[in-house]
Amino acid sequence: MPPISAPRLLFAVTTDLCFDQRMQRICGSLAAAGYRVQLVGWQRPASPPLTPQPYQQHRLRGWFQKGKLFYVEYNLRLFFYLLSQRAAAWCACDLDTALPMWLRARLGGQPLVYDAHELFTEVPEVVARPAVQRIWRWVEGFIVPRARLAYTVGPALARLFEQRYGRPFGVVRNVSRLRDEETLPPTPSAAPSGGYILYQGALNVGRGLEQLLDAMPQVAGRLVICGEGDLSAELRAQAERLGLLASGQVEFRGFVLPEALREVTRHAAVGIMLLENVGLSYYYSLANKFFDYVHAGIPQVLIDFPEYRALNDEFDVAELVLDLQPATLARALNRLLRDEPARYQHLAANCRRAAPQLSWQHEERELRRLWAGVVPVNG
């Protein structure tokens, strides 16, 4: 652990700390750089025990788990908790933590840092409610100009923020760490016969999951879904209606801890990365699962949005789809799973070549550079 004299950084999220891989990487890298780091999150009813990390962790507890009352309660509890804390800088991760973090930074005369995991004002749940969107746009317009440092997950979102607010935005992509001890098996000549299609991530609106389930009766393979979300019950009911649960063609595994998820991903045949164009946050996103699939050496079926298209033009690791029609998805999946083994082999080989270049080891150098400009580790 860094010495007690090292500068202390405090980060806040509304997520469960056990499953937030981006924050685990960021906080771990800054702790390794010599900072004392604390990450504050939220205790969910089904939250597992905290996993050991090289930084401090704290979970807030409350009555509400979603909706307006959750955000009100979380912000109040976070602010009163922050009053008892001391830090050299305060980092708000997305807008839902930003106001109490700004106020605590203002009271202490320390810098505020804003880490935009997404374009919060353009996520589907906000876009669908104009009154709610106006509130979050006000929060964004208040916070972003006041942050000493701001960074986000991809170049497209950074450009959008820069155009909107006329200030620089750094980029720290949500990329997996390439582990020295990890060795990928030789490139297969075709999709592994025992492999499966894998979706990892939140089961929320706009992820293309309803269309994917509709496609599965025409797909020559089975689907494993790792994650939970607002659509968990609806998706399970849909899979049951389609007979996909009884046949074993679809399996819901719920939340899976990052270490276990890494193994699940390594044994998959194809990854899925689908989004609907229901807001600029999704359209300009750059999700960590794209990089997770590359590191596992598995091709993926990928939505043709700008950030993913740019990476695929460079590395050719995915089958791009222009729409989420079930027939389109079934055709793309069957091409990799059954119809064109040479194409599968080509993409899998490209994943192995791309992985060393698309690694957290590159991103953390930029992360440390950005933070050193705000709080020098020896300053």
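Tutor: Buried means under 20% relative accessible area, exposed means over 50%, and partly exposed lies in between. The model discussed here is predicted.

Student: Is D316 buried, exposed or partly exposed?

Tutor: D316 belongs to the loop between α12 and β13. Its phi is positive, about 50 degrees, although the residue is not a glycine. The relative accessibility of D316 is 22%, and the limit for buried is under 20%, so D316 counts as partly exposed.

Student: D94 also has a positive phi. Does D94 count as buried or exposed?

Tutor: D94 sits in the loop between β4 (89-93) and α3. Its phi is near 75 degrees, and D94 is a residue other than glycine. Its relative accessibility is 7%, which is under 20%, so D94 counts as buried.

Student: How many aromatic pairs are there?

Tutor: Ring centres of Phe, Tyr and Trp must lie within 6.5 Å to pair. By this rule the count is 16.

Student: What kind of aromatic pair do W42 and Y74 form?

Tutor: The ring centres of W42 and Y74 are 5.6 Å apart and the planes are at 65 degrees. Planes over 60 degrees apart count as edge-to-face, so the W42 and Y74 pair is edge-to-face.

Student: Where in the chain are W42 and Y74, and how many residues apart?

Tutor: W42 is in strand β2 (residues 36-42) and Y74 in helix α2 (residues 67-82), so numbered from the N terminus. The pair links distant parts of the chain, the separation being 32 residues.

Student: What is the relative accessible area of W42, and what is that of Y74?

Tutor: W42 is buried, at a relative accessible area of 0%. Y74 is buried too, and its relative accessible area is 0%.

Student: What is the angle between the planes of W102 and F142?

Tutor: W102 and F142 form an edge-to-face pair with centres 4.8 Å apart, and the angle between the planes is 80 degrees.
The pair links distant parts of the chain, 40 residues apart: W102 is in helix α3 (residues 98-108) and F142 in helix α5 (residues 130-143). Both residues are buried. To restate the value asked for, the planes meet at 80 degrees.

Student: Which residue lies over the face of F142?

Tutor: F142 has a charged neighbour at its ring face, at 3.9 Å from the ring centre. A charge counts as over a ring if CZ of Arg is within 6 Å of the centre and within 35 degrees of the ring normal. The residue over F142 is R146.

Student: Over which ring does the charged end of R77 sit?

Tutor: The distance from the charged end of R77 to the ring centre is 5.1 Å. The ring is that of W63.

Student: Which residues have the most contacts inside the largest nonpolar core?

Tutor: In soluble globular proteins, nonpolar side chains tend to be buried together. The largest nonpolar core here has 55 residues, and those with the most contacts inside it are L212, F290, V301, Y308 and L333.

Student: Which element gives the largest share of this core?

Tutor: The core of 55 residues is the largest one. Its largest share is six residues, and they come from α13.

Student: How many residues does the second, separate core have?

Tutor: The second core includes L78, A98, L119 and F161. Its size is 39 residues.

Student: Is M273 buried or exposed?

Tutor: M273 lies in strand β11. Leaving aside neighbours within four places in sequence, its contacts include F290, V301 and Y308. Its relative accessibility is 1%, so M273 counts as buried.

Student: Is F79 buried or exposed?

Tutor: F79 is in helix α2. Apart from neighbours within four places in sequence, F79 is in contact with P100, L103, R104 and L107. Its relative accessibility is 17%, under the 20% limit, so F79 counts as buried.

Student: How far apart are the end C-alpha atoms of helix α14 (residues 341-354)?

Tutor: At 1.5 Å a residue, the 14 residues of α14 should span 20 Å. Among its buried residues are Y344, L347 and C351, and what covers the buried residues includes β11, α11, α12, β13 and α13. The separation of the end C-alpha atoms agrees with the expected span: 20 Å.

Technical notes: Residues are numbered from 1 along each chain as its sequence is written. This is a predicted model: local features need pLDDT of at least 70, side-chain atom pairs count only at pLDDT 80 or more; totals for chains, interfaces and linings use all residues. Side-chain values use heavy atoms; hydrogens and water are left out. Helices (H or I, at least four residues) and strands (E, at least two) are DSSP runs, numbered from the N terminus. The expected span of a helix is 1.5 Å times one less than its number of residues. Buried means under 20% relative accessible area, exposed over 50%, partly exposed in between (1.4 Å probe, protein chains only). Contact means heavy atoms within 4.5 Å. Rings of Phe, Tyr and Trp (its six-membered ring) pair if their centres lie within 6.5 Å; planes under 30 degrees apart count as stacked, over 60 as edge-to-face and the rest as tilted. A nonpolar core is a set of buried Ala, Val, Leu, Ile, Met, Phe, Trp, Tyr and Cys residues joined through side-chain atoms within 4.5 Å.
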